[in-house]
Amino acid sequence: MATVLAMEGTRPLSRRGAGRFTAFLRAFIRDRQALAGLVIVAIAGGAAAAAPLISAWDPLKSVEVDRLSPPGTPGYLLGTDEQGRDILSRLIWGGRISLLVGIVPTVAAGLVALFLGLVAGYREGMLDHLIMRVLDVFFAFPLVLLAIAIVGVIGPGVGNQMFALAVVLVPYSTRVVRTATLSVKHLEFIEAVRALGAGNGRVLWRHLVPNVLPPLLVYTSTLVGLMIVASSGLSFLGLGVQPPTPDWGVMVGSGRLVIYRAAHVATIPGVIIVVVALGFNFIGDGLREALDPRARQ
Amino acid sequence: MTSYVAQRLFGLVPVLFGISVVIFLGMKLIPGDVARALLGPMGTAESLAQLRGALGLDQPLHMQYAKWLWRALHGDLGLSPIVHQPVVELLLPKFGNTLILAGASFVLAATAGIAAGVLAAARERTAIDRVTMSASLVVGNMPPFWLGLVLIVVFAIDLRWLPSLGMYSTRGAGGLADLLSHLVLPAVTTAAAPGAIIARMTRASVLEILGHEYIMVARAKGLAERVVISAHALRVAWPPIVTIAGLQLGYLLGGAVFTEEVFGWPGLGRQLVSSVIARDVQVVQGAALFIALSFVVVNLVVDLLNLYLDPRARPA
């Protein structure tokens, strides 16, 4: 709510704004859990980005004689899978697509929600009613099942997987934006801005968006962890990323077929999913607390 | 009270209408129609046109919708072109199996979650609190498909305590004991993440109540902490807990898809996934309808239950 107190004419990064930003940063970094989350995500993201440099093996190369080697086998730190592919290398390369499939739909849904929520909250009336009632219908479906059904209609694949996950998130994020818009637009400073002659565009863009973004950002950051779990689930079911492309969900899915002989093939990628999802949740919680001045004290 | 219930029921009409429109239009978005799917690649243009006429696919969209809705209201969701069986006949038993799994998981998630949450709140800032909440954080982020596999490795493969596949043993008399032994691992898997969320919410809700002045009075009277929590705090904390637990039911239905897949549980979720892979849109549509309707009913029940539990929520 701190940003709500911004007065007309102060640019977001004026001296006061910069002060708020450092306060936020300081609070975020002092939060050990948030910092841990940041480290986890940075390691996962960094490893995925540097995959060609750090992975010891080609993630698609199978060595027939080394199939299902247990973790700790010389040359294969985390062992090999059912086709003799190095699990660690596949995890590193898999991070590229797994992280992307978790982040892209969340961000895309956030942008659509920002537009819909602002329009609904700002205009109110019929348009608001129409948007929100249509979105209400989507709340009647459990999130993951709706995504599966959408993939069922448009067909499996990475692009469709991301599209389906984005669609199911839009109603949730839109609610957050609309609520924030409604709470800000009736404040006095908006009235003052209007009295000074600002048009709808200026009020929306310069005054509502900066105030609506923090709650949306907090909400979105908590969704990324959930989306990493959900998208790996779709890939596990064979509805998202397709083998042999390395992806954490795909790895659990194919490892499942050899679970009686070598449990590590399916269990290790799952540990990575849990840890990375936790990392994103830590960041989300940290953001929420750092942006809330009451919690900060 | 009655008028509120009536109002709430009436409010369902637009939601149900919306659900039916979304599901119907979703079907229309896919390339190719039911007639083509039914006839297969061998169908001639002539027979295709004939079947389309018979199915009413040559009529305008709103007429098709009205007909589809009319049939759906009479329990007819069409015929699956893949398994050649009426969709309702195919889905009803699977829906029952999912209800068994979801019911057991919900009971497990709610009892374990509420117990853990109350315990953590009562022992705030102790080791018990920290351990319970850290555990709930980790468990809450576990993908159900992975947790299911881990449980299979430990309890079915290594320890050989419990079966890992299906609802009943292929050999053996079946019966309740057999069902229960097959139910344990899937139910724990499905209950884990929702249970963790319920635990965190319960803790927050009870802690908030414990900060009230009337709790201080109860403590000042010298009441045992056990009584303060069970008789004073929990009574007020119930409504938000019930709401959160109810919301988890939807989450639980979503998680059940993965559990059913991992444990070979013959439920609605597994059917949905295999129909999606087979592109059996007719069944996907039916399953979506089943799921949405049960979700709507659950939300209604949660609302009404809250009304019963919390006199303050009742309209004057």
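Let me start at A:Ile148. Leaving out residues up to four places away in sequence, A:Ile148 touches A:Leu234 and A:Leu239 from chain A, along with B:Val257, B:Leu272, B:Val273 and B:Val276 from chain B. Please keep in mind throughout that this is a predicted model.

What does A:Ile148 belong to? It is among the residues with the most contacts inside the largest nonpolar core, together with A:Ala147 and B:Ile291. That core has 150 residues. The element that gives the most to it is helix H10 of chain B, residues 225-263, with 16 residues.

Next, the contact between the chains. Chain B puts 39 residues into it, and chain A puts in 35. Which elements of chain B are involved? Those giving two or more residues to the side that touches chain A are H1 (2-29), H6 (127-140), H7 (144-158), H10, H11 (268-277) and H12 (281-309). Sorted by class, that side of chain B has 32 nonpolar residues, six polar ones and one charged one.

How sure is the predictor? For the complex it gives an ipTM of 0.84 and a pTM of 0.86. The mean pLDDT of chain B is 86, with 96% of its residues at 70 or more. Chain A averages 85, and 92% of its residues score at least 70. There is a stretch to treat separately: over residues 1-14 of chain A the pLDDT is below 50, and beyond near neighbours in sequence this stretch has 20 contacts in the model.

Now chain B as a whole. Its secondary structure comes to 12 helices and zero strands. The C-alpha atoms of chain B fill a box of roughly 85 × 60 × 35 Å along the principal axes. Chain B has 316 residues, of which 35% count as buried. If you take contacts in chain B between residues at least 6 apart in sequence, 70% of them join residues at least 24 apart.

Over to chain A, and a pair of helices. Helix H9, residues 200-236, and helix H11, residues 264-291, pack at an angle of about 170°, and their axes are 9 Å apart. Because of that angle, H9(A) is roughly antiparallel to H11(A). Where do they meet? On the H9(A) side the residues include A:Pro214, A:Leu217, A:Val218, A:Gly225 and A:Ile228. On the H11(A) side they include A:Ile273, A:Val276, A:Leu278, A:Phe280 and A:Leu291. By class, the contact of H9(A) with H11(A) has 14 nonpolar, six polar and one charged residues.

A:Leu278, from that contact, can be set against A:Asn160. The two are 118 residues apart in sequence and 26 Å apart in space, C-alpha to C-alpha. A:Asn160 lies in helix H7 of chain A, residues 158-185. Is A:Asn160 buried or exposed? It has 19 C-beta neighbours inside 10 Å, and buried would take 20 or more, so A:Asn160 counts as partly exposed. Setting aside neighbours within four places in sequence, A:Asn160 is in contact with A:Val151, A:Ile154 and A:Gly155.

Another pair in chain A is A:Leu100 and A:Gly45. They are 55 residues apart in sequence, and their C-alpha atoms are 9.8 Å apart in space. A:Leu100 lies in helix H4 of chain A. With 16 C-beta neighbours inside 10 Å, A:Leu100 counts as partly exposed.

Last, some backbone details. The peptide bond from A:Pro243 to A:Pro244 is cis, with omega near 10°. A:Pro244 is found in the loop between H9 and H10 (248-255) of chain A.

Then there is phi. A:Glu124 is not a glycine, yet it has a positive phi of about 50°. A:Glu124 lies in the loop between H4 (87-123) and H5 (125-138) of chain A. It has 14 C-beta neighbours inside 10 Å, so A:Glu124 counts as partly exposed.

In chain B, B:His84 also has a positive phi, near 50°, in a residue other than glycine. Where does B:His84 lie? In the loop between H4 (61-73) and H5 (87-122) of chain B. With 9 C-beta neighbours inside 10 Å, B:His84 counts as exposed.

Terms used: Residues are numbered from 1 along each chain as its sequence is written. Chains are lettered from A and ligands numbered from 1 in the order in which they are written. This is a predicted model: local features need pLDDT of at least 70, side-chain atom pairs count only at pLDDT 80 or more; totals for chains, interfaces and linings use all residues. pLDDT is the predictor's confidence in each residue, from 0 to 100. Two residues are in contact if their C-beta atoms, placed from the backbone, lie within 7 Å. A nonpolar core is a set of buried Ala, Val, Leu, Ile, Met, Phe, Trp, Tyr and Cys residues joined through C-beta atoms within 7 Å. A residue is buried if 20 or more other C-beta atoms lie within 10 Å of its own, exposed if 12 or fewer, and partly exposed in between; C-beta atoms are placed from the backbone. Helices (H or I, at least four residues) and strands (E, at least two) are DSSP runs, numbered from the N terminus. Axes are lines fitted to C-alpha atoms, for helices over the stretch in contact, and angles run from 0 to 180 degrees between N-to-C directions. Angles under 35 degrees count as roughly parallel, over 145 as roughly antiparallel, 65 to 115 as roughly perpendicular and the rest as oblique. Ala, Val, Leu, Ile, Met, Phe, Trp, Tyr, Cys and Pro count as nonpolar, Asp, Glu, Lys and Arg as charged, and the others, Gly among them, as polar.
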